[in-house]
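User: Please take a close look at the part of this model where the ligands are held, and tell me which residues surround them and how the chains take part.

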Amino acid sequence: MLLRHTPKEIKERKALVINPAKTCQPIGAMYAALGIHGCLPHSHGSQGCCAYHRSSLTRHYKDPIAAATSSFTEGASVFGGQANLVQAIDNMFTVYDPEIIAVHTTCLSETIGDDVAQIADKAKQDGKVPEGKKIIYCHTPSYVGSHVTGFSNMVLGMVKGLAEKTGKKNGKVNVIPGYVEPSDMEEIKRLSAMVGVKTIMFPDTSGVVNSPMTGKYNMYPDGGTKIADLKSSGDSLATIALGEWSSADGAKYLDATYKVPCQVLDLPIGVTATDNFIDALRKAAGVNVPDSVTKERGVLVDAMCDYQQYFHQKKVALVGDPDQLIPLTQFCINLGMYPKHIVTGTPGNKFRKRMEEMFAEADLPYTPNVAVPGDMFLLHQWIKNEPVDLIIGNTYCKYIARDEDIPMVRHGFPILDRFGHSVFPSVGYKGAMRLMEQMLNAMLDKRDRESSEEAFELVY
Amino acid sequence: MPTKTEEYMKKDPTDFKEEILKKYPPKVARKRAKSIVISKGKESDGLEIQANVRTIPGIITMRGCTYAGCKGVILGPTRDIVNITHGPVGCGFYSWLTRRNQTSAPNPEDHNFMPYCFTTDMQDSEIIFGGEKKLMAAILEAYEIMKPKAIALFSTCPVGLIGDDVHAVAREAKEKLGINVFGFSCEGYKGVSQSAGHHIANNAIFTNVVGTDDNGKEGKYKINLLGEYNIGGDAFVIEDLLDRCGITLVSTFSGNSTYDQFATCHTADLNAIMCHRSINYVAEMMETKFGIPWIKVNFIGAEATAKSLRKIAKYFGDQELIDKVEAVIAEEMPAVKAAQDDVRSRTEGKTAMLFVGGSRAHHYQELFAEIGMTSIAAGYEFAHRDDYEGREVLPTIKVDADSRNIEEIEVEQDPTRFKPRKTPEELEKLAAEGFEFKDYDGMIPEMKPKTLVMDDINQYEADKLLEYYKPDIFCAGIKEKYSAQKMGIPMKQLHSYDYHGPYAAFKGAINFYYEIDRMVSAKVWDLVKAPWEKSPELAAAYNWE
Ligand code: SF4
Ligand code: SF4
């Protein structure tokens, strides 16, 4: 038992978090920044945070993640990090030649109250920013929110720093894809194109953190949202923000500042949420949904009908980010499953409300456990008290899954020990198909492993 | 065809150095120039390298922070201490199970807290009003649930800034709970690299735990192994090897380690140091306080392992032990030789580069040499000059402001526990036979003349190195892995071993040879370019024509 000290009895904890179900803001900001073409993310603080964030992203994506740091030492911590950041900006443009630098703060620079906007201005005045190059920034104190908040803050930083309005509509729809995998971003673009809608999607990490092998290391691979497109986002027809927690702020800013009307939807995971996305796209651009999309949907629903018997009333525990959990739980419900325990580390009471609405609508015959913010220690204790048939969550869940002998599907961040998440989507109808396949296989593999000889079947 | 090694030796590395420095702003170039030297092999006396200085802002470094060195590296591998990170969630989260320190608790009911991450997950109100109360509450909650024999507290950057006193909280908790609770001021901004964190960790363990329990293991030849962290099970093979030689391992610092091992380590008669950087001062302090001499050993590489075992045996000087050690070496060597012979045709003459840690970049060169590969460039992430130039430069190293931040503890002879392990005559005799205590020559003199040594190498320099020399294998950490591989160069992670291992001792050496053989012979690298990229001309030649 690897988690052998986790007792069944649950005692209230007020101060101690054990096995957190979230991490800190800057990593989300770094990830979002990588979704701009030619961007070098910069972490304003001590070098440890940057090293940790780069390592974690690298372990998850198995691709190079370049980012620089202000390398604070004691002096900078006391007197402020202006000198460090100005020097860093000079060095980055000289040595790594990015199109744009995206600065985010850390706990340290936030606590001392460094004003990165002012420092970026200073760098400009000092002539450290070459002609045509850009700096954007955001504040990401880790003692507020989580990695999801950091992602959202950097998205906001992008539109604040780059979006413009010329008064001439560009005929496009902005799509903010949320804190999802590069494969998901790719799929969102593919679906939009299928519907026949021209989009500006940002950030777009596809092709950046799952870049091809070329025999050359390119710090700025082909992918990423172009700066020109980000500028143009103020001229778009509308913005569709996927995921309240990770995307709403950027969309609302464009709405308030440039009158680009926005809609905030769930991440398109599962049938219902994908339907809503397609429908919103259709309306925003005034187009008809082509049969090819309806056919993809039909193939998914067909599979759901074919396999519903294996999902019926199967209990599932889910842990992850709020934006992911809402549509994932809905998909589980659509499959006839019973979501039992749901934990997110990211604070926000709206989450509980959304969950409760969903449960009421599904008319579940029991009340699921929901923790917001909660941790994976609590999740494990809940599972000990009320076992489940499936766990959906990030790699750290494997310890619970092993101890309790429960099948598990890896989803969310980080996934450190399996392949696939960054190349195969879990959004859209195709993504739902993949999720369903993973869930079903995990449960049936266990059944095969454990069934008696006489009950061992060739056909399911 | 000349081998890669021969090709390298024909080039002048000063050209390369000039080329990379050209791109930097002048101030940066001046600073980096001092951290890049060219080894003269054994003749490297007086060759000075700049090390343990601040990282340059904006220059993408491989380094981590003091907290990472303290919590992640030193305390991380100890299974029975509850480690609470005091700070916002991130620092604790990232150091949760990511270093691969394996551990093996003998019984299912024995404490093993390593799969758990404990953090105070500070929120903005605590940043404003102080987090000591929350920390105290967290300790009590952790004790209530886990009932550990010790709890350690780690400060992160914001904690240092707002001035929470983890040591005061630790003292209070210790009194309340009656177990050992101790804190570390290991804020990430202290010091210039992880190295400061090792120092802080070791100091606190030395002050709070070492020598608190006199009931050590029984045994004829008792040693401690220092600076071994049990990545991929390295410690397990070393423990097994020592056991077979009849050597008793009282404690390891800190692979597969426990609280009791630290508490009883002063009962050993010899300290054997693997990673000189992370722990040499602990050995020094133990010598002063308890009279335990120390030697440098290395269990990476079959030859190095044999040499280290012989050195330990010689120290104890008993024929029985000497014979046993020889018997074990004789037993192990045939398999090692067979593996070397097997891979050699595919590895001979090939080149490697190593940029990691504070000893791995040195130790692993032995393994490469054993299969005929040359390390043409190497450097440390967080070393000091002595790790490069040898211990004799210690007195000449200037203590700068960043090093002064790290507390040095005053150690005196323990009035009851100090006992010299050897008489002056015995020491003299050993010295006359060429036996060296506290010796470490450093990496530079042990590299081949003309090879490059670079401290705190960064992303840009690493890319240039790879482009310029196209080594057959590059060794560094996770952050560097995929940029190298994008160039079609196999990259071996030497912090985490790419989730493989063990690589220590004889069995580990064999694992390593085959692993490197696999990597340099992998077929997939031939596929990097598509056929139409290799020969883009459009001369059509259809089969049916
Ligand atoms: S906040 Fe400080 S302690 Fe935490 S990872 Fe960053 S540098 Fe290290
Ligand atoms: S929680 Fe703060 S200090 Fe720790 S890694 Fe995240 S940003 Fe750095």
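Analyst: A residue is taken to be near a molecule if one of its heavy atoms lies within 4 Å of it. The model is a predicted one, and the description of the ligand surroundings below rests on that cut-off.

By that criterion, the residues around ligand 2 include, from chain A, Cys24(A), Pro26(A), Cys49(A), His53(A), Thr106(A), Cys107(A) and Ser142(A), while Pro88(B), Gly90(B), Cys91(B) and Tyr94(B) are also part of the surroundings of ligand 2. Because residues from chains A and B surround ligand 2, the site is shared between chains. In terms of secondary structure, the elements that give two or more residues to the shell around ligand 2 are helix H2 (47–61) of chain A and helix H5 (89–94) of chain B, and the largest share, three residues, comes from H5(B). The shell around ligand 2 divides by class into seven nonpolar and four polar residues, with no charged ones. The space that ligand 2 takes is the largest cavity.

Turning to ligand 1, its surroundings are made up of Ser46(A), Gly48(A), Cys49(A) and Tyr52(A) together with Cys65(B), Tyr67(B), Cys91(B), Thr156(B), Cys157(B) and Gly188(B). Residues from chains A and B surround ligand 1, and therefore this site is shared between chains as well. Here H2(A) gives the most to the shell, with three residues, and the classes present around ligand 1 are six nonpolar and four polar residues, with no charged residues. Ligand 1 sits in the largest cavity, which is also the space taken by ligand 2.

Read together, the two shells have residues in common: Cys49(A) and Cys91(B) are listed around ligand 2, and Cys49(A) and Cys91(B) are listed around ligand 1 too.

For chain B, one backbone feature can be placed by reference to a helix already named. Arg100(B) is found in the loop between H5 and strand E3 (118–119) of chain B, and phi of Arg100(B) is near 60°, a positive value in a residue other than glycine. As background to that value, most residues other than glycine have a negative phi. Helix H5 of chain B is thus tied to two parts of this account, because it gives the largest share of the shell around ligand 2 and borders the loop that holds Arg100(B).

Definitions and conventions:
Residues are numbered from 1 along each chain as its sequence is written. Chains are lettered from A and ligands numbered from 1 in the order in which they are written. This is a predicted model: local features need pLDDT of at least 70, side-chain atom pairs count only at pLDDT 80 or more; totals for chains, interfaces and linings use all residues. Side-chain values use heavy atoms; hydrogens and water are left out. On a 1 Å grid over the protein atoms alone, a cavity is a set of points where a 1.4 Å probe fits but cannot get out, and a pocket is an open set with protein on both sides within 12 Å along at least five of seven lines; lining residues have an atom within 4 Å of a point. A molecule sits in a cavity or pocket if more than half of its atoms lie within 2 Å of its grid points. Helices (H or I, at least four residues) and strands (E, at least two) are DSSP runs, numbered from the N terminus. Ala, Val, Leu, Ile, Met, Phe, Trp, Tyr, Cys and Pro count as nonpolar, Asp, Glu, Lys and Arg as charged, and the others, Gly among them, as polar.
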